[in-house]
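Colleague: I am new to this structure. Could we go through one helix and then the core?

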Amino acid sequence: MADTALKQIKHVLVTDALAGKVALVTGAARGIGRAIALELAHAGADIAINDLHPAEAAQEVLREILALGRRASIHQADVAERASVESMVQAVVEQYGHIDILNNNAGIQQEEPFLEISDGAMQRVLDVDLKGVLLCGQIVARQMVHQGSGGRIINISSVHAVSSFKASAVYDAAKAGVVRLTATMALELAPYRITVNVIAPGWMETEGTLPFLRVAENRAAANETVPLNRVGNPHEVGQLAAFLCTETAAYMTGSFIAIDGGYILGR
């Protein structure tokens, strides 16, 4: 099902729309991050692939981007650690000379009933999903300000930001925080011509959801929660992210964009 869906995705942006741009994508080895990295590359950008523990998945993304004729590299870093992010950004700038696009995609989700939330799980989810967006955004934005040529920051939130789910209190709070953080970033960075927007995906067919969705009854149940009656493909999120990096979207900043097939309309 996933392979078939991928073949149906059309790359709607011209291949040189982002030519000459360098994009740093966090959590780019799999899922939505991988799709965003590939769609930015299809649109012409060179890609710095971030992953916490680079392995074969990151290498596969690297090979796919290089096959498109773009430059690409893998950068290990923990987005929740300032020193780690600073080292990553420095390495990207040393290799490419500049950073024009940041996609804050790295995130984790640990489900625990509210009465049983552990300190460890709470801290790690907040550190990666919210603090990581702030740290990467701040450090890359400083580089963009130094470059003096503007930039694009795309933060990935979730429908969890506006809809509540059992056993997801910390994740819901972190993703809601990303939405408010995006708005403040957009306000403060506008004078530097750095736009900041947030995308909130709904049901997506990723490595994490596929074991569930491969069961026909589960997929049918998931589809029923979506007005468009289907689960989304991560490349659809990637294409939206790429669009937000083009000149066509230059007047968009502080925007919250749900890509969920209408899921939150029925919540």
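Colleague: How many residues does helix H3 have, and what does it reach from its first C-alpha to its last?

Modeller: This is a predicted model, in which local features need pLDDT of at least 70, side-chain atom pairs count only at pLDDT 80 or more, and totals for chains, interfaces and linings use all residues. Residues are numbered from 1 along each chain as its sequence is written, and side-chain values use heavy atoms, without hydrogens and water. Helix H3 (residues 56-67; a DSSP run of H or I, at least four residues, numbered from the N terminus) has twelve residues and reaches 16 Å, close to the 16 Å expected at 1.5 Å a residue (1.5 Å times one less than the number of residues).

Colleague: Which residues of H3 are buried?

Modeller: Ala-58, Val-61, Leu-62 and Ile-65 are buried (under 20% relative accessible area, 1.4 Å probe, protein chains only). They cover an arc of only 100 degrees around the axis, so they lie on the same side of H3; the arc is that of the directions from the helix axis to the C-beta atoms.

Colleague: What covers them?

Modeller: The cover includes helix H2 (31-42), strand S2 (46-51) and strand S3 (72-76); strands are DSSP runs of E, at least two residues.

Colleague: Now the largest nonpolar core: which members touch the most others?

Modeller: Of its 32 residues, these are Ile-36, Leu-40, Ile-47, Ile-65, Ile-199 and Val-237. Such a core is a set of buried Ala, Val, Leu, Ile, Met, Phe, Trp, Tyr and Cys residues joined through side-chain atoms within 4.5 Å.

Colleague: Which element gives the most to this core?

Modeller: H2 does, with six residues.

Definitions and conventions:
Buried < 20%, exposed > 50% of the residue type's maximum accessible area, 1.4 Å probe, protein only. Contact = heavy atoms within 4.5 Å.
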